[in-house]
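Take a look at the structure below. This report goes through it in short steps.

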Amino acid sequence: MNVSATNKKDKLSSYSNYGGITLAAPGGDYGDEWETNGIDPSELVLVTYPTNLPQPYISQVLNLPKGYTLSVGTSLAAPKVAGAIGVLLAESREKSYRELSTNKIEKILRKSSVDLGAKGKDPQFGYGRLNLNKALDLVK
């Protein structure tokens, strides 16, 4: 599966890959005017950060607890999809169904996604943005 990143407005993040995308997931962005006005922290994603390293400047300025910082990236979007797959597998086991196949999982994620961009599958968002709540409803 190829994953692109979306911002909080469900638009393709400025840095995101595209083309051949299966699914999109939140990855944050720098903000609409970051080139002229600087980075907007409200557009970033809260992530964990090693506590044995010095706290990043942005974390200090925003008074974030040690062990957290703000970041962006498809490297934040892709794990959301991987985590969703794990949740779907666990839900299937919890309901005592057979383990879901790779094809079944992809079908569930496609059918449950929120269509963004051009109608249907497109190069920026694939089938759409991940919607785990709806995907869980499709586990049978």
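## A buried acid in a loop

Glu43 sits in the loop that links α1 (34–37) to β3 (45–48). The model is predicted. Is Glu43 paired in a salt bridge, or is it without one? Glu43 is buried yet has no salt bridge. The nearest side chain of opposite charge belongs to Lys8, 4.3 Å away. A salt bridge needs a nitrogen of Lys or Arg within 4 Å of a carboxyl oxygen, so this pair does not count as one.

What does Glu43 touch? Leaving out residues up to four places away in sequence, its contacts are Asn7, Lys8, Lys9, Gly28, Asp29, Tyr30 and Gly31.

## The chain as a whole

The protein chain has five helices and four strands. Along the sequence, they follow the pattern β-β-α-β-α-β-α-α-α. The C-alpha trace spans about 50 × 35 × 20 Å along its principal axes.

The chain has 140 residues, and 36% of them count as buried. Take the contacts between residues at least 6 apart in sequence: 48% of these join residues at least 24 apart. The chain exposes about 8300 Å², with 51% supplied by carbon and sulfur atoms. There are 17 positive and 14 negative charges, and their mean positions lie 9 Å apart.

## Two sides of helix α4

Which residues of α4 (residues 102–112) are buried? They are Ile105, Ile108, Leu109 and Ser112. These residues cover an arc of only 95° around the axis, so they lie on the same side of α4. A general rule fits here: an α-helix has 3.6 residues a turn, so residues three or four places apart point the same way.

What covers this buried side? The cover includes β2 (23–26), α3 (74–94) and α5 (132–137). On the other side of α4, Asn103 and Lys111 are exposed.

## Two positive phi angles

Asp10 lies in the loop between β1 (3–6) and β2. Its phi is near 60°, a positive value in a residue other than glycine. Is Asp10 buried or partly exposed? Its relative accessibility is 25%, so Asp10 counts as partly exposed.

Asn63 is in the loop between α2 (57–61) and β4 (68–71). Here phi is near 55°, again positive in a residue other than glycine. Asn63 has 66% relative accessibility, so Asn63 counts as exposed.

Key:
Residues are numbered from 1 along each chain as its sequence is written. This is a predicted model: local features need pLDDT of at least 70, side-chain atom pairs count only at pLDDT 80 or more; totals for chains, interfaces and linings use all residues. Side-chain values use heavy atoms; hydrogens and water are left out. Buried means under 20% relative accessible area, exposed over 50%, partly exposed in between (1.4 Å probe, protein chains only). The arc is that of the directions from the helix axis to the C-beta atoms. Contact means heavy atoms within 4.5 Å. Lys and Arg count as positive and Asp and Glu as negative; His and the chain ends are not counted. Accessible areas come from the Shrake-Rupley method with a 1.4 Å probe; for residues, only the protein chains shown count as cover. The place of a charge is taken as NZ of Lys, CZ of Arg, CG of Asp or CD of Glu.
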